[in-house]
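Welcome! Here are a few short exercises to help you find your way around, each with a worked solution.

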Amino acid sequence: MLSKTMLDEMNLQIKLELDSAYLYLAMAAHFESANLGGFATWMKMQAGEEQEHALKFYEHIHDRGGKVVLQGIEQPPADYATPLQVFQQVLKHEEGVTARIHHMYAVAQKENDYASQVFLNWFVDEQVEEEKNATEIVEKLKMIGDSTNGLFMIDSKVGKRAE
Ligand code: MG
């Protein structure tokens with residue numbers, strides 16, 4: 001059985017994962033409008049992953065005898081700046097998610113909730129990957145500067161992400 005504290009953390013995390021999904025979907029829509037289809041594809045896949053993350057918490061809560069209570073999700077911004085700025089925003093967002101996962105891990109440790117620690121391990125690894133991927137795109141976008149050719153090349157490459 002999940003403790004009340006851990007249950008509240010996990011229910012909040014479902015909302016936060018869906019906030020992320022919604023943010024990335026808004027970024028996808030922005031890139032569609034800007035004719036940067038590769039970035040749009042990347043963002044849509046990212047949004048899909050965040051929904052899967054939300055479902056992992058949903059399952060874990062049920063597996064541990066808790067009750068899922070859904071909360072309202074945030075409206076993401078409608079306007080975005082350059083691709084570099086958008087991916088910097090993604091990186092910053094993911095750093096925030098990492099801090100949040102680490103916080104939950106610390107709560108699980110404090111509560112001697114070993115099952116939640118094992119469950120959260122997957123997310124600790126996942127965040128290393130998320131930050132690495134976002135950083136790579138940010139650094140490439142910095143490298144190309146104002147080059148339109150470079151931008152189209154990165155857009156095309158990023159749109160071919162497999163998962
Ligand atoms: Mg996530």
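**Exercise 1. Decide whether lysine 15 is buried or exposed, then find its salt-bridge partner glutamate 74.**

Step 1. This is a predicted model, so treat each value as computed from it. Lysine 15 has a relative accessible area of 10%. Buried means under 20%, so lysine 15 is buried.

Step 2. Look for the salt bridge between lysine 15 and glutamate 74; their closest N and O atoms are 2.9 Å apart.

Step 3. Now place the two partners. Lysine 15 belongs to helix H1, while glutamate 74 sits in the loop between H2 and H3, so the pair ties together parts that are 59 residues apart in sequence.

Step 4. Check the accessibility of glutamate 74: at 46% it counts as partly exposed.

**Exercise 2. Work out which parts of the chain are linked by the salt bridge of arginine 64 and aspartate 113.**

Step 1. Start with the distance: the closest N and O atoms of arginine 64 and aspartate 113 are 3.2 Å apart.

Step 2. Arginine 64 lies in the loop between H2 and H3, and aspartate 113 in the loop between H3 and helix H4 (114–144). The two residues are 49 residues apart, and the pair links distant parts of the chain.

Step 3. Arginine 64 is buried, with a relative accessible area of 16%. Aspartate 113 is buried as well, at 8%.

Step 4. To widen the view, note that salt bridges with shared partners join Lys15, Asp19 and Glu74 into one network. The structure holds nine salt bridges.

**Exercise 3. Find the protein donors of the magnesium ion and say where the two glutamates lie.**

Step 1. The donors are Glu17 (OE), Glu50 (OE) and His53 (ND1), lying 2.1 to 2.3 Å from the ion.

Step 2. Along the sequence, their spacing reads E-x32-E-x2-H. Glutamate 17 is in helix H1 (residues 4–33) and glutamate 50 in helix H2 (residues 37–63), 33 residues apart.

Step 3. Glutamate 17 is buried, with a relative accessible area of 2%, and glutamate 50 is buried too, also at 2%.

Step 4. Finish with the surroundings of glutamate 50. A polar contact of 3.0 Å joins its side chain to that of histidine 53. Leaving aside neighbours within four places in sequence, glutamate 50 is in contact with Glu17, Ser20, Ala21, Tyr24, Glu94 and Glu130.

Key:
Residues are numbered from 1 along each chain as its sequence is written. This is a predicted model: local features need pLDDT of at least 70, side-chain atom pairs count only at pLDDT 80 or more; totals for chains, interfaces and linings use all residues. Side-chain values use heavy atoms; hydrogens and water are left out. Donors are N, O and S atoms within 2.8 Å of the metal (3.2 Å for Na, K and Ca); water is not among the atoms, so sites may look incomplete. Helices (H or I, at least four residues) and strands (E, at least two) are DSSP runs, numbered from the N terminus. Buried means under 20% relative accessible area, exposed over 50%, partly exposed in between (1.4 Å probe, protein chains only). A polar contact is a pair of N or O atoms within 3.5 Å; within protein, one must be able to donate a hydrogen and the other to accept it, and residues adjacent in sequence count only if both atoms are side-chain atoms. Contact means heavy atoms within 4.5 Å. A salt bridge is a side-chain nitrogen of Lys or Arg within 4 Å of a carboxyl oxygen of Asp or Glu.
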